[in-house]
Amino acid sequence: MDLQTVLTTRQIMGDKPVIVVVNLSRAMVFHEFEEQVDAILVRFSVGEQPILDILSGRYEPSGLLPMQMPADMTEVELQAEDVPFDMVPHTDTEGNRYDFGFGLNWSGKISDRRTEKYAEQAR
């Protein structure tokens with residue numbers, strides 16, 4: 001139902017921007033709708049105000065994904081739940097891989113001490 005809501009919203013909005021805010025508790029297949037929206041914000045059970053602050057430009061996004069986001073449902077089905085980093089992550093239309101430790105801010109892909117550390121752990 002959520003997927004249909006996103007697709008219907010895209011159709012109704014026409015050329016206007018569509019931003020999807022996803023509250024994650026586990027990995028999600030973004031491939032099913034990513035090409036249909038202008039932006040995706042991921043949150044992990046935070047309140048509404050921080051999301052509104054980011055959307056309004058008051059604060060810059062700075063979070064990183066704490067897990068891989070699968071490329072498709074085949075990756076989900078093949079994944080071993082007890083083995084880390086065992087799936088091909090989703091790659092969006094801009095070439096970003098939704099891998100462990102990935103995140104975007106206003107300048108683009110976040111690259112700092114955290115992402116260097118997490119990239120080493122994922123190897």
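Ser45 sits in the loop that runs between strand 2 (39-43) and helix 2 (48-55), and its phi is near 60 degrees, a positive value in a residue other than glycine. That's a handy place to start with this predicted model. Stepping back, the protein has four helices and four strands, and from the N terminus on the elements go α-β-β-α-α-β-β-α. The radius of gyration is 15 Å against the 14 Å that the globule rule gives for 123 residues, so the protein is as compact as a globular protein of that length.

**Overall size and surface**

- Taken along the principal axes, the C-alpha atoms fill a box of roughly 40 × 35 × 25 Å.
- Buried residues account for 28% of the 123 residues.
- The accessible surface adds up to about 8,500 Å², and carbon and sulfur atoms own 50% of that.
- Take the contacts between residues at least 6 apart in sequence: 46% of them join residues at least 24 apart.
- On the charge side, there are 11 positive and 21 negative charges, and the mean positions of the two sets are 8 Å apart.

**Helix 1 and what follows**

- Helix 1 covers residues 2-13, which makes 12 residues.
- From its first C-alpha to its last, helix 1 reaches 16 Å, close to the 16 Å expected at 1.5 Å a residue.
- Just after helix 1 comes Gly14, with a positive phi of about 60 degrees.
- Pro17 is in the loop between helix 1 and strand 1 (19-23), and it counts as exposed at 60% relative accessibility.

**Positive phi outside glycine**

- As background, most residues other than glycine have a negative phi.
- Ser45 goes the other way, with its positive phi near 60 degrees, and it is exposed because its relative accessible area of 63% is over the 50% cut-off.
- Phe85 also has a positive phi, near 55 degrees.
- You'll find Phe85 in the loop between helix 3 (73-78) and strand 3 (104-105).
- At 33% relative accessibility, Phe85 falls between the 20% and 50% cut-offs, so it counts as partly exposed.

**Tyr98 and its surroundings**

- Tyr98 has its place in the loop between helix 3 and strand 3.
- With a relative accessible area of 10%, Tyr98 is under the 20% cut-off and therefore buried.
- Leaving aside neighbours within four places in sequence, the residues in contact with Tyr98 include Phe30, Glu34, Ile40 and Leu65.
- Also among the contacts of Tyr98 are Met67, Gln68, Met69, Pro89, His90 and Asp92.
- Tyr98 and Arg26 are 72 residues apart along the chain, and their C-alpha atoms are separated by 13 Å.

**Sequence gap versus distance in space**

- Pro17 and Asp38 are 21 residues apart in sequence, with 5.8 Å in space from C-alpha to C-alpha.
- Glu77 and Trp106 are 29 residues apart in sequence, and here the C-alpha to C-alpha distance is 34 Å.
- Glu77 itself lies in helix 3 and is exposed, at 63% relative accessibility.

Terms used:
Residues are numbered from 1 along each chain as its sequence is written. This is a predicted model: local features need pLDDT of at least 70, side-chain atom pairs count only at pLDDT 80 or more; totals for chains, interfaces and linings use all residues. Side-chain values use heavy atoms; hydrogens and water are left out. Helices (H or I, at least four residues) and strands (E, at least two) are DSSP runs, numbered from the N terminus. The radius of gyration is taken over C-alpha atoms; the globule rule is 2.2 Å times the number of residues to the power 0.38. Buried means under 20% relative accessible area, exposed over 50%, partly exposed in between (1.4 Å probe, protein chains only). Contact means heavy atoms within 4.5 Å. Accessible areas come from the Shrake-Rupley method with a 1.4 Å probe; for residues, only the protein chains shown count as cover. Lys and Arg count as positive and Asp and Glu as negative; His and the chain ends are not counted. The place of a charge is taken as NZ of Lys, CZ of Arg, CG of Asp or CD of Glu. The expected span of a helix is 1.5 Å times one less than its number of residues.
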